[in-house]
Amino acid sequence: MSRFLRKTFTTGSSLARLSQQIRYQSIASATHQSGPSKVTHPDADNNPKTLEILAESDKYILNTYSKPSLVFTHGKGCYLYDQSNRRYLDFCAGIAVNALGHADEEMTQVLAEQASQLVHLSNLFHHQWSGELAKALVESTKASSAFQASKVFLANSGTEANEGALKFMRKWGKIISDKDDKFEIVSCSNGFHGRSMGALSCTPNPKYQKPFLPLVPGVKHIDFNDVESIKANITEKTCGVIVEPVQGEGGIFPAKVEFLRAMRKRCDEVGALLVFDEIQCGLGRTGKLWAFENFPSDVVPDILTLAKPLANGFPIGAILMNDKVADKIKIGDHGTTFGGNPLGCRVALSVFNRISRPEFLANVNETGAHLKQGLRNITNGNPLVKEVRGLGLILGVEFTVDPTPIVKMARERGLIVITASNNTVRLVPPLILTKEEADQGLAILKDCFEEFKAQTPV
C-alpha cells in the first residue's frame, strides 16, 4: 500500500475511510471472481483495519526490515492468521524459532503459571529454573554427543550468546599465551553470527558491515569448506574460530566433514577454541539435537551457542562450554540483566525437554526427508534451480537468479517462505510439521516455481 494512502488513512477523515473500504470490497469481490487464478491471499485484498495499524505504527517504529502490508493476529500449530482471518501455512517459523509452532498449549500453561509466581529476579540471586535448564542442556548434550559440555551461560538471544563466546575466546587467548598477540578470531565466508559489533565483525558480508566500519579488530575470514585455507589463517595468534555446522542465512550450506575435522585439528595444534554457532541449525532443526552430531564423533566444539527455538519464541540464548573454557571464566567476566530469568528458563526447560525426545527428532528426520524429496520432485528439470540442499527441516532451494519474487507469490497463495543469501529460498517450518502439511506447502511451491520460471528469461 502506498505511503500516500497510509497518510490519508491517518487523517481520521470519514470520507477517506469510506473510500478505502469501498476499494477493499471491490478488490475482494474481484478476487473471489478470479476463476482459474491460484492466488488466494492477494496482498491488496487487505482488511482496512490493517492500514490503520500500519499507518500508526509507521509514526513511531524505526523500520529496519522490509515487511509486507499484513498484520498477523494469531496462530495455531503450523498456521498463521492475518487481520482478515486468512490462514497461512508457515514455513518460516519466526526464522527457525517457533519449533513447536504457534499457540502451543503446554508452553502457554507454563508461561501463565510461572508469570504468576516470578518473572524476573536478577542474577544477584538464585532461582531453581536456571540450574534445571543448565543441567538439562549439559546432560542431554553429553548423552547424545561426544561434546563434553560442563557449564552454561544464559543470555537473551543468539547474538548475545555469540558476543559472550567471542569474549570467552579473547580471555582464553590472554591466559594461555605469554604474548599479547593471541587475540585473532577466525570466521567463515557466508557466515552469519549477528548484528552487534563483535558478531557483525565475524559476519563477512559487506552489505551488513560497510555502514558500521571500522569493526572490531583482529577478525579474519576464510572460505567456508575450503580446507586449504585453514592452516594459513588459523595460527598461533588465533584465540578462537567460530563456524556454523550448517549455514542458515548464508544459503543452507552444510559444512563438509573434512573441513570441520581439519578445523578441529588445527585449533588443537595452535591452542585455539572452536565455537559452533548452532543458533539456527541446532536444537533439533537437522533431525538431531545438535547439527554437529551429523558429523563424526571427533568433530566437536569447545563452545556451542544456541538460541532461536530454545523457548519457542520467548527470548533466551545460551552458551555451552567444556571445562577448559569454563575454568577460565571468573566472577565479573561477563554479565546480563535479563539473561537466565525465571520465566525464560522455565519455558525453555519445558520446550527443550520436548525437542530433545528421540521420537520428536525422529519425526523431524522423517518429515524433513519427505519435504526434501518433494522439493527435488517439483524442481526436477527446472533450468532456474541449481540445487536442493539441507538437513532435517532446514532446507534451501538455490536458483540461478534472485528468487525473491517467489516469496510474494507464495504468500499470496497462503504460504510463508523466506530467502537466504546465494539466491536461495529458505524453508525452516515448525519442527512439528506433518507430511500432509509438507505436501500442502509443496503444492503451493510447485505453482510458484512454475510461474517464476514462466516470468524469468532463461
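This briefing covers one pocket and one strand of the structure above. The model is predicted, so local features need pLDDT of at least 70 and side-chain atom pairs count only at pLDDT 80 or more, while totals for chains, interfaces and linings use all residues. Residues are numbered from 1 along each chain as its sequence is written, and side-chain values use heavy atoms, with hydrogens and water left out.

**The second largest pocket**

- A pocket is an open set of points on a 1 Å grid over the protein atoms alone, where a 1.4 Å probe fits, with protein on both sides within 12 Å along at least five of seven lines.
- The second largest pocket has a volume (the space filled by probe spheres set on the points) of about 930 Å³.
- Its lining (residues with an atom within 4 Å of a point) holds 30 residues, and Asn-123, Val-152, Phe-153, Leu-154 and His-334 lie nearest the centre.
- Helix H6 (128–144) and strand S4 (151–155) each supply at least two lining residues; H6 gives the most, with five.
- Helices (H or I, at least four residues) and strands (E, at least two) are DSSP runs, numbered from the N terminus.

**Strand S5**

- All five residues of S5 (184–188) are buried, meaning under 20% relative accessible area with a 1.4 Å probe, protein chains only.
- Glu-184, Val-186 and Cys-188 are on one side of S5, and Ile-185 and Ser-187 are on the other.
- S5 runs parallel to S7 (residues 238–243), joined by three bridges, and Val-186 has Val-241 as its bridge partner there.
- S5 also pairs (at least two DSSP bridges) in the parallel sense with S6 (residues 219–222) over four bridges, where Cys-188 partners Ile-222.

Terms used
Buried means under 20% relative accessible area, exposed over 50%, partly exposed in between (1.4 Å probe, protein chains only).
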